[in-house]
Amino acid sequence: LFSSQRASGGLNPLFRRLPERKTAGYVRTFRADGTNLQQIPLFWQEWIRDGLWRNLPSPRYPGESVGIVFPTETTEFEYLIGYEVDPSESERTGITYRTLPPGLFACFTVIGPYSESVQKTWNYLYTRWLPASGYRHDSREDIELYLERQGEPLTELMSPVRPIAP
């Protein structure tokens, strides 16, 4: 349910409770060692250049794409490029389907060049906002929602959070 949960808070997040949702896409494994900052944009270039979405089932919300980080206990993580699909969608071979659990997310709106603006906002979120926020990361998937609003490219970063108990 990405479309009806849009944020608009810039560097001051809005908080949203997102329901369970099903995604379909392609997954690659990356290392959180800085190489991911170049490799993930190359993955997105391939998605666009090769029209990888053409092999996926119909999107639940046309015009939206997602990049999803699935954390692990190691320096490697999985990253999915795709979009949300109808929960009843029949699964096809060669496509990765993931059901995302419901939860509370801090949502940041990013406007500007995708790679640079997204990377800077994630850095801000993790190094400045989160330590001072009264929240902690909820050890689930971070979501990048890519869409257009009034003809302008827009990205919404959604990080799963949980209040720190007093």
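This dialogue explains how to read several features of a predicted model.

User: Where should a reader new to this structure begin with charged side chains, and how many salt bridges are there?

Analyst: A salt bridge is recognised by a side-chain nitrogen of Lys or Arg within 4 Å of a carboxyl oxygen of Asp or Glu. By this rule, the predicted model holds ten salt bridges. One of them joins Lys22 to Glu91, with 3.8 Å between the closest N and O atoms. Lys22 belongs to strand S2 (residues 21-31) and Glu91 to the loop between strand S4 (76-85) and strand S5 (96-100), so this pair ties together parts that are 69 residues apart in sequence.

User: Are Lys22 and Glu91 buried or exposed?

Analyst: Under 20% relative accessible area counts as buried, and over 50% as exposed. Lys22 is therefore buried, at 9%, whereas Glu91 is exposed, at 58%.

User: Which residue forms a salt bridge with Glu78?

Analyst: The partner of Glu78 is Arg98, and their closest N and O atoms are 2.7 Å apart. Because Glu78 lies in strand S4 and Arg98 in strand S5, the pair ties together parts that are 20 residues apart in sequence. Glu78 is partly exposed, with a relative accessibility of 27%. Arg98 also takes part in a contact with a ring: its charged end sits over the ring of Phe70, 4.5 Å from the ring centre.

User: Which residues are joined into one network by salt bridges that share partners?

Analyst: Consider Arg140 and Glu141, which form a salt bridge with the closest N and O atoms 3.7 Å apart. Arg140 is buried at 14% relative accessibility, and Glu141 is buried at 5%. Through shared partners, salt bridges join Asp138, Arg140, Glu141 and Arg162 into one network.

User: How should aromatic pairs be read, and how many are found?

Analyst: Two values describe each pair, namely the distance between ring centres and the angle between ring planes. The whole structure contains 13 aromatic pairs. In one of them, the ring centres of Phe15 and Trp129 are 6.1 Å apart and the planes lie at 40 degrees, so the pair is tilted. Phe15 is in strand S1 (residues 14-18) and Trp129 in helix H2 (residues 114-133), so the pair ties together parts that are 114 residues apart in sequence. Phe15 is partly exposed at 32% relative accessibility, while Trp129 is buried at 12%.

Phe30 and Phe77 form a tilted pair too, at 6.1 Å centre to centre and with 35 degrees between the planes. Since Phe30 lies in strand S2 and Phe77 in strand S4, this pair ties together parts that are 47 residues apart in sequence. Phe30 is buried, at 6%, and Phe77 is buried, at 9%.

User: Which residues form one aromatic cluster?

Analyst: The cluster consists of Trp44, Trp47, Trp53, Tyr83 and Tyr146.

User: Which strands pair with strand S9?

Analyst: In a regular strand, the side chains alternate between the two faces of the sheet. Strand S9 (residues 152-163) runs antiparallel to strand S6 (residues 103-110), and six bridges join them. Cys107 stands opposite Met158 of S9. Strand S7 (residues 135-137) pairs with S9 in the antiparallel sense over three bridges, and His137 has Val161 in S9 as its bridge partner. Strand S8 (residues 142-149) is also antiparallel to S9, over seven bridges; here Glu148 stands opposite Pro153.

User: How many residues lie between S8 and S9 in their hairpin?

Analyst: Two residues separate these strands, and Gln150 in the turn has a positive phi of about 55 degrees.

Methods:
Residues numbered from 1 in each chain as written. Predicted model: local features only at pLDDT ≥ 70, side-chain atom pairs only at ≥ 80, totals over all residues. Heavy atoms only, no water. Helix = DSSP H or I, 4+ residues; strand = E, 2+ residues; numbered from the N terminus. Buried < 20%, exposed > 50% of the residue type's maximum accessible area, 1.4 Å probe, protein only. Phe/Tyr/Trp six-rings, centres within 6.5 Å; stacked < 30°, edge-to-face > 60°. Lys NZ or Arg CZ within 6 Å of the ring centre and 35° of its normal. Pairing = 2+ DSSP bridges.
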